[in-house]
Each structure stands twice: as structure tokens, then as C-alpha cells.
Amino acid sequence: MTDNGGFEPVFCSIVPPHVLDRLAQADDPVLAGPARRTLQRDAYERTQRRLTTVVGAPAVAPLAEAERAKPHRTVYDAGHGTDLPGEKVRGEGDAPGGDATVNRAYAGLGATFELFLKAYARDSIDGNGLPMVATVHYDREYNNAFWNGKQMVFGDGDGEIFLDFTIPIDVIGHELAHGVTQYTANLTYFGQPGALNESVSDVFGALIKQYTLGQTAAEADWLIGAGLLAPRVTGKALRSMKEPGTAYDDDVLGKDPQPATMDDYVRTGRDNGGVHINSGIPNHAFYLAATTLGGHAWERAGQVWYDVLTGGELQQDAMFTDFATLTVNAARARYGEGEELRAVSKAWERVGVRTL
């Protein structure tokens with residue numbers, strides 16, 4: 001939280017800076033141009049979030065009791081500009097229109113709301129019915145989607161490397177989950193706490209996709225951003241929780257740098273200390289715990305992760321060991337000394353993160 005008691009907004013994007021940096025250096029201006037413009041826009045938005053933190057974000061009026069536990073979605077169209085939120089194109093309860101991007105954004109907001117409500121009794125992002133806002137068609141050839149502390153924003157992609165960012169529902173869920181973290185543990189967006197911040201969003205993004213598809217842990221692909229990469233890219237997604245480091249291996253994008261265990265932990269000053277890279281380690285731990293337990297991952301494994309995120313003991317500067325220890329404690333507190341505790345403990349052991 002900030003010094004004045006407010007929750008600190010953080011600019012969190014789905015495409016890591018190291019991916020855009022690589023694209024920006026491409027010889028082909030068709031690839032390099034959109035990447036450079038996206039990096040510039042992201043830098044601007046990141047600065048705006050810092051300013052919002054200083055001056056304070058506008059307060060949101062609390063909902064009446066009768067309006068609680070219901071989604072309150074609004075989708076706006078930026079018209080390829082950058083003024084937010086843009087023109088309102090669909091409100092809560094409105095029928096689908098002819099724009100598939102608008103309809104996907106609306107549905108993704110609803111799916112995220114439903115998972116958190118049905119699985120964890122959480123009323124929207126802040127737990128108190130926060131209206132869910134999204135803007136689509138942001139900028140031109142914008143290669144990203146982000147949560148800016150107040151709302152979701154989606155680019156259309158450049159069509160060469162990235163497609164429409166509303167296509168993968170887990171991208172929508174991932175970014176909205178940053179909002180849940182903002183209103184709960186508020187993990188610092190740097191180093192291991194930042195990697196945990198990113199991992200928590202990947203976990204709940206994956207769970208939202210699995211919940212929507214009715215998949216078990218064994219049936220899920222455990223990919224983040226499947227369907228986002230254009231046909232010319234040699235890859236299947238942005239990240240893999242099942243096999244970190246295997247999501248893509250492309251002449252332009254390079255190779256997925258995510259480690260699966262602490263043996264390959266990456267020490268870097270880029271990407272806020274590697275938040276999108278080292279998140280592969282806690283991601284893999286969740287995958288191992290969830291698939292060991294089987295069934296629907298949002299139930300037991302997801303419940304343990306949610307308990308830690310919202311339990312009040314997770315510090316903003318938590319390291320992997322701190323988070324792992326809390327998941328072990330949460331599994332014991334909720335399920336006793338049974339298979340849940342063994343699955344969680346073994347998962348962290350296999351990725352090389354010790355528990356206290």
C-alpha cells in the first residue's frame with residue numbers, strides 16, 4: 001500500500017519487455033516499428049502509473065448491497081488512439097455487437113468475475129464489487145495488453161508477430177489478476193516479489209481458462225497466451241507452466257528464457273529484475289502441485305494459492321521461499337496432513353525452492 005493507505009497501481013503488461021526489445025532490433029521495419037512504438041507507449045503508461053501513485057487514484061463509489069456479487073462490465077473502444085477509456089461500446093447486460101474483439105473482452109471480464117466469485121467467494125477484483133472496465137483497439141499495431149491499476153487495455157497486435165490480445169482468455173484473466181494482487185498482497189514489482197506477482201497472474205489466468213473450458217489439470221495445456229502468436233512465429237504461446245522455456249523458439253523472437261527450477265534462475269537488471277522470466281519457477285511449482293492432485297486445479301491447488309494471496313501474511317517483498325512456506329502452511333491449515341500438503345511441499349522441492 002502507499003503511504004496514504006491507498007493501493008499502489010502498477011503497470012503490468014502481458015508481453016515481456018525482453019520480447020519487445022528483441023523485436024525492436026529486427027532488420028525488418030514491419031516487425032521493428034510496432035515493437036518500438038509499443039515500448040515507447042509502455043514507458044509512457046508506466047510513468048503515468050507512478051504519477052497516479054503520487055497524486056492518488058480517483059475513488060470509486062461503493063456499490064449498493066443489491067448490486068454486490070454481480071459483474072459490472074463496461075467495454076470501451078479507443079478507436080486506435082491512446083486516450084482512455086475511449087468510447088463506450090458495451091455495458092453490463094447489453095447484447096453482443098458485431099465487433100468480436102469487444103465481445104471477447106466482455107466475456108473475458110465475466111469469466112474472471114465468475115471464477116473468483118464461484119471458486120473463492122470474491123466479489124470482483126477488489127472483493128467489493130469493483131466495476132470491471134476494458135478498452136479495446138488501443139493504438140495502432142500495439143503489441144501488448146496491460147492492467148494500469150484501474151482498467152484493462154488491449155492492443156490489436158501487428159498481425160505479423162502478435163494477433164488480437166483478446167483472443168486468449170487467459171491473457172484477460174492474467175491482467176485482471178494483477179488487480180487482485182494490487183488489492184491484496186500488493187507484491188512489489190521487482191525481483192522475486194515481482195516474479196511472484198507475475199506468477200500469481202499466470203496461475204489465475206490459467207485457472208480462468210480451465211474453468212471456462214471445464215478442464216481438469218490433466219486436460220489443460222498449461223500455456224499462457226496460446227493463440228496469440230501469428231502463424232509466422234515458431235512457437236505455441238508466451239509461456240508454458242508445464243515446461244517453462246519451451247513456449248517459443250523463433251528466429252525473430254529468440255528462445256523462451258524461462259527457467260523451470262532454481263538451478264537456472266536468471267539474474268538480470270532488465271524486466272524489473274526478470275519478473276517475466278523467473279516467474280517460470282513458481283509457475284512450474286503450481287503446475288506440479290495441481291497435476292499431482294488432479295481434478296480441477298482451481299479447487300485444491302488454486303484454493304491454497306488464493307489463501308496465501310489474500311491471507312494477510314504475504315509481505316510485499318516476499319521471496320520465493322516465503323511464498324512457498326506460506327503455501328505449505330495454507331495447505332496444512334485448510335486440508336490437514338493429507339495429500340494436498342504432500343503435493344505442495346513436493347512441488348516446491350522439485351523446483352529447488354526450500355520451505356522454512
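**Notebook: helix α10, its salt bridges, and strand β4**

I started with R300, which counts as partly exposed at 22% relative accessibility. Buried would need a value under 20%, so R300 at 22% doesn't get that label. Note to self: this is a predicted model.

**Entry 1: the partner of R300**

Which residue forms a salt bridge with R300? I found E339, with the closest N and O atoms 2.7 Å apart. The two sit in distant parts of the chain: E339 belongs to helix α10 and R300 to helix α8, with their positions 39 residues apart. I looked up E339 as well, and it counts as partly exposed because its relative accessibility is 39%.

**Entry 2: other charged pairs**

My search of the whole structure gave 14 salt bridges. I wrote down the general idea: side chains of opposite charge can pair when their charged atoms come close.

Next I looked at R334 and D307, whose side chains meet in a salt bridge at 2.6 Å, N to O. R334 is in helix α9 and D307 in helix α8, so this pair ties together parts of the chain 27 residues apart in sequence. R334 is partly exposed, with a relative accessible area of 45%.

Then I took E337, which forms a salt bridge with R332; their closest N and O atoms are 3.0 Å apart. Is E337 buried or exposed? Exposed takes over 50%, and E337 has a relative accessible area of 56%, so exposed is the label. Its partner R332 is partly exposed at 37%.

Going back to R300, I checked for shared partners: salt bridges join R300, E339 and E340 into one network.

**Entry 3: helix α10 itself**

Two residues of that network, E339 and E340, sent me to α10, which covers residues 339–350. I count 12 residues, and the helix reaches 16 Å from its first C-alpha to its last, close to the 16 Å expected at 1.5 Å a residue.

Which residues of α10 are buried? My list reads E340, L341, A343, V344, A347 and W348. Looking down the helix axis, I see them fall within an arc of 165°, so they line one face of α10. On the face turned away from that buried side I noted the exposed residues R342 and E349.

I also asked what covers the buried residues of α10. The cover includes α7 (280–293), α8 (300–310) and α9 (320–335). Of these, α8 is also the helix that holds R300, the salt-bridge partner of E339.

After α10 comes G352, and its phi is positive, near 85°.

**Entry 4: the annotated region**

I pulled the UniProt record, where an unreviewed entry lists residues 185–353 as "domain: Peptidase M4 C-terminal". Over that range I get 47% helix and 5% strand, with the end C-alpha atoms 20 Å apart.

**Entry 5: over to strand β4**

Last stop was β4, residues 132–136. I'd call this strand mostly covered, since 4 of its 5 residues are buried.

Which strands pair with β4? Strand β2 (residues 73–77) runs parallel to β4 and is joined to it by 5 bridges. Strand β6 (residues 152–154) also runs parallel to β4, with 2 bridges.

I used A134 as a marker in β4: V75 stands opposite A134, and in β6 the bridge partner of A134 is M152.

Conventions
Residues are numbered from 1 along each chain as its sequence is written. This is a predicted model: local features need pLDDT of at least 70, side-chain atom pairs count only at pLDDT 80 or more; totals for chains, interfaces and linings use all residues. Side-chain values use heavy atoms; hydrogens and water are left out. The expected span of a helix is 1.5 Å times one less than its number of residues. Buried means under 20% relative accessible area, exposed over 50%, partly exposed in between (1.4 Å probe, protein chains only). The arc is that of the directions from the helix axis to the C-beta atoms. Contact means heavy atoms within 4.5 Å. UniProt positions are given in the numbering used here, feature names are shortened, and annotations may be inferred rather than shown by experiment. A salt bridge is a side-chain nitrogen of Lys or Arg within 4 Å of a carboxyl oxygen of Asp or Glu. Two strands pair if DSSP finds at least two bridges between them.
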